[in-house]
Amino acid sequence: MRRIVLDMKNGLLAEAVMQSLSGCDMDFLIYRSPKPEETLALCRTCRANVLVMEVRQGLWKLSERLRLCSAVRRLGWACKVLLLVDESTDELLASEVRQTVKDQLADGFIYASVSPTYLAGVIDTL
């Protein structure tokens, strides 16, 4: 069973992602971090295989996500990090997120506009 941690500001989006992933044929156990400050501890507690983090302004900005990504990589096991960004709201931020993956600071990215099935498929390949 793959353990997935979601760290997303948008509660409605997070709930939709959780329901979509739960309804897929994949064998996922999904946890939602209540706030960014608790994400690392949750990843440690559940021994997460994949961390999905929404990138946006505020506590969810890219620099904070990269700091958290680095901390997750130091946990001692392989936990892949997938960044989720809304490409239509902030094209510059989406470009920065893509560059982050090219620079191998995160394992992958996905746009918020993709289908739940595609998201589940991407997570399954990490």
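Two residues are in contact when heavy atoms of theirs lie within 4.5 Å. On that basis, among contacts in this protein between residues at least 6 apart in sequence, 73% join residues at least 24 apart. The model is a predicted one.

**Overall fold and dimensions**

The protein contains 5 helices and 5 strands. Read from the N terminus, the order of the elements is β-α-β-α-β-α-β-α-β-α. For 126 residues, a compact globule would have a radius of gyration near 14 Å, and the 13 Å of this protein agrees with that. Along the principal axes, the C-alpha atoms fill a box of roughly 35 × 30 × 25 Å.

**Surface and charge**

Of the 126 residues, 41% count as buried. The exposed area of the protein is about 6700 Å², and carbon and sulfur atoms supply 51% of it. There are 16 positive and 16 negative side chains. The centres of these two sets are 7 Å apart.

**Nonpolar cores**

The largest nonpolar core has 23 residues, of which Leu 51, Val 72 and Leu 83 touch the most other members. At least two residues of this core come from each of α2 (39-46), β3 (50-55), α3 (62-73), β4 (80-85) and α4 (91-102). Setting aside neighbours within four places in sequence, Leu 51 is in contact with Val 5, Asp 7, Thr 39, Cys 43, Val 72, Cys 79, Lys 80, Val 81 and Leu 82. Val 72, one of these partners, is itself among the core residues that touch the most other members. Another core lies apart from this one and has 18 residues, including Ala 14, Phe 28, Val 52 and Leu 119.

**Helix α3: buried and exposed positions**

Three residues of helix α3 can be set side by side. Arg 65 has its place in this helix, as do Ser 70 and Arg 67. Is Arg 65 buried or exposed? Its relative accessible area is 1%, so Arg 65 is buried, the limit being under 20%. Not counting residues up to four places away in sequence, Arg 65 touches Asp 7, Pro 36, Met 53, Glu 54, Val 55, Trp 60 and Leu 83. One of these, Asp 7, is also in contact with Leu 51. Leu 83, another residue that Arg 65 touches, belongs to the largest nonpolar core.

Arg 67, by contrast, counts as exposed, because its relative accessibility is 51% and the limit is over 50%. Arg 67 and Lys 9 are 58 residues apart in sequence, and their C-alpha atoms are 17 Å apart in space. Ser 70, at 33% relative accessibility, counts as partly exposed. From Ser 70 to Ala 106, which is 36 residues away along the chain, the C-alpha separation is 8.6 Å.

**Loop between β5 and α5**

Ala 112 is found in the loop between β5 (108-111) and α5 (116-125), and Ser 115 also lies between β5 and α5. Ala 112 counts as partly exposed at 29% relative accessibility. Which residues does Ala 112 contact, leaving aside its neighbours within four places in sequence? They are Leu 84, Val 85, Asp 86 and Glu 87. The C-alpha atoms of Ala 112 and Val 85 are separated by 5.6 Å, although their positions lie 27 residues apart along the chain as a sequence separation. Ser 115 is partly exposed, with a relative accessible area of 37%. Ser 115 and Val 17 are 98 residues apart in sequence and 9.7 Å apart in space, C-alpha to C-alpha.

**Positive phi angles**

Most residues other than glycine have a negative phi. Two loop residues that are not glycine have positive values here, Arg 47 and Gln 104.

| Residue | Phi | Loop | Relative accessibility |
|---|---|---|---|
| Arg 47 | near 50° | between α2 and β3 | 43%, partly exposed |
| Gln 104 | about 60° | between α4 and β5 | 61%, exposed |

The loop that holds Arg 47 joins α2 and β3, and both of these elements supply at least two residues to the largest nonpolar core. Gln 104 is found in the loop between α4 and β5, and α4 likewise supplies at least two residues of that core.

Technical notes:
Residues are numbered from 1 along each chain as its sequence is written. This is a predicted model: local features need pLDDT of at least 70, side-chain atom pairs count only at pLDDT 80 or more; totals for chains, interfaces and linings use all residues. Side-chain values use heavy atoms; hydrogens and water are left out. Helices (H or I, at least four residues) and strands (E, at least two) are DSSP runs, numbered from the N terminus. The radius of gyration is taken over C-alpha atoms; the globule rule is 2.2 Å times the number of residues to the power 0.38. Buried means under 20% relative accessible area, exposed over 50%, partly exposed in between (1.4 Å probe, protein chains only). Accessible areas come from the Shrake-Rupley method with a 1.4 Å probe; for residues, only the protein chains shown count as cover. Lys and Arg count as positive and Asp and Glu as negative; His and the chain ends are not counted. The place of a charge is taken as NZ of Lys, CZ of Arg, CG of Asp or CD of Glu. A nonpolar core is a set of buried Ala, Val, Leu, Ile, Met, Phe, Trp, Tyr and Cys residues joined through side-chain atoms within 4.5 Å.
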